[in-house]
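Me: I've got a protein model open and I keep running into words like "exposed" and "pocket". Can we go through where such labels come from?

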Amino acid sequence: MAVATATAADPSDVGRATSAAIARLRAASSAAVPELVGLFPLDLGEPVAVTVAVVSEEPVAAAELDVLPGGRFASATHVGPYGQIGLTAHALLSWCAERRHPVHGPIREMYVSGPATAAPDRLITHLMIPLEEP
């Protein structure tokens, strides 16, 4: 994966920072419609480090190559605007807490569809939260 990082001043600035990182990756990627993954810390403090990755085995200008670790994950699918993803993330974290599954970050957002191909209420995003090994 090729990754780019941006800094959000606070949680309300995460959308802008994410869009900036995506724009840098899309401009440098040769893929017509690259597969994108967002990585966000569990605790959205101030500032917030946002990382976006594009699935690529080739170097992408202005990005570092990295491999995302595997493991056990809790996951959910969010259908709707990006501004409401926090609701799905909260529900997923609550599910983990109810079942006493310790989690660690970052939260992964796998963007299945994007604004270029779907209306805001039809956007599909898979959320994945790494679970600590027992």
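Me: Why is Arg100 called exposed?
Reply: Arg100 has a relative accessibility of 76%. Exposed means over 50% relative accessible area, buried means under 20%, and partly exposed is in between, using a 1.4 Å probe and protein chains only. So Arg100, at 76%, counts as exposed. By the way, this is a predicted model, where local features need pLDDT of at least 70 and side-chain atom pairs count only at pLDDT 80 or more, while totals for chains, interfaces and linings use all residues. Residues are numbered from 1 along each chain as its sequence is written, and side-chain values use heavy atoms, with hydrogens and water left out.

Me: Where is Arg100, and what is its phi?
Reply: Arg100 sits in the loop between α2 and β6. Its phi is positive, about 55°, although Arg100 is not a glycine. Pro106 is in the loop between α2 and β6 too, and a cis peptide bond, with omega about 0°, joins Gly105 to Pro106.

Me: What makes Gly71 exposed?
Reply: Its relative accessible area is 55%, and the exposed label asks for over 50%. Gly71 belongs to the loop between β4 and β5. Its C-alpha atom is 29 Å from that of Asp10, and the two residues are 61 apart along the chain.

Me: Now Thr88: buried or exposed?
Reply: Buried, because its relative accessible area is 16%, and the limit for buried is under 20%. Thr88 is part of helix α2. Leaving aside neighbours within four places in sequence, Thr88 is in contact (heavy atoms within 4.5 Å) with Ala76, Thr77, His78 and Leu127.

Me: How many helices and strands does the chain have, and what counts as one?
Reply: There are two helices and seven strands. Both are DSSP runs, numbered from the N terminus: helices are H or I with at least four residues, strands are E with at least two. Along the sequence, the pattern reads β-α-β-β-β-β-α-β-β.

Me: Why is the chain called as compact as a globular protein of that length?
Reply: Its radius of gyration is 15 Å, and the globule rule gives 14 Å for 134 residues, which is close, so the chain is as compact as a globular protein of that length. The radius is taken over C-alpha atoms, and the rule is 2.2 Å times the number of residues to the power 0.38. Along the principal axes, the C-alpha atoms fill a box of roughly 45 × 30 × 25 Å.

Me: How do you know that β1 and β3 pair?
Reply: Two strands pair if DSSP finds at least two bridges between them. Strand β1 (residues 2-8) has seven bridges to β3, and the two run antiparallel. One example is Ala2, whose bridge partner in β3 is Val54. β1 also pairs with β4 in the antiparallel sense, over two bridges, and Val3 stands opposite Glu64 in β4.

Me: What is the strand order of the whole sheet?
Reply: The open sheet of seven strands runs β4-β1-β3-β2-β6-β7-β5, with antiparallel pairing. β4 (64-65) and β5 (73-79) stand at the edges with a single partner strand each, so one side of each is left without a neighbour in the sheet. For β5, seven antiparallel bridges lead to strand β7 (residues 124-130), and His78 has Thr125 in β7 as its bridge partner.

Me: Why is β3 called largely enclosed?
Reply: Six of the seven residues of β3 (residues 48-54) are buried, so the strand is largely enclosed by the rest of the structure. β1 is mostly covered, with five of its seven residues buried.

Me: What makes something a pocket, and what lines the largest pocket?
Reply: On a 1 Å grid over the protein atoms alone, a pocket is an open set of points with protein on both sides within 12 Å along at least five of seven lines, and lining residues have an atom within 4 Å of a point. The largest pocket is lined by 35 residues, with Phe40, Tyr82, Ile85, Glu109 and Tyr111 nearest its centre. α1 supplies the largest share of that lining, six residues.

Terms used
1 Å grid on protein atoms, 1.4 Å probe; cavity = no way out; pocket = protein on both sides within 12 Å on 5 of 7 lines; lining within 4 Å.
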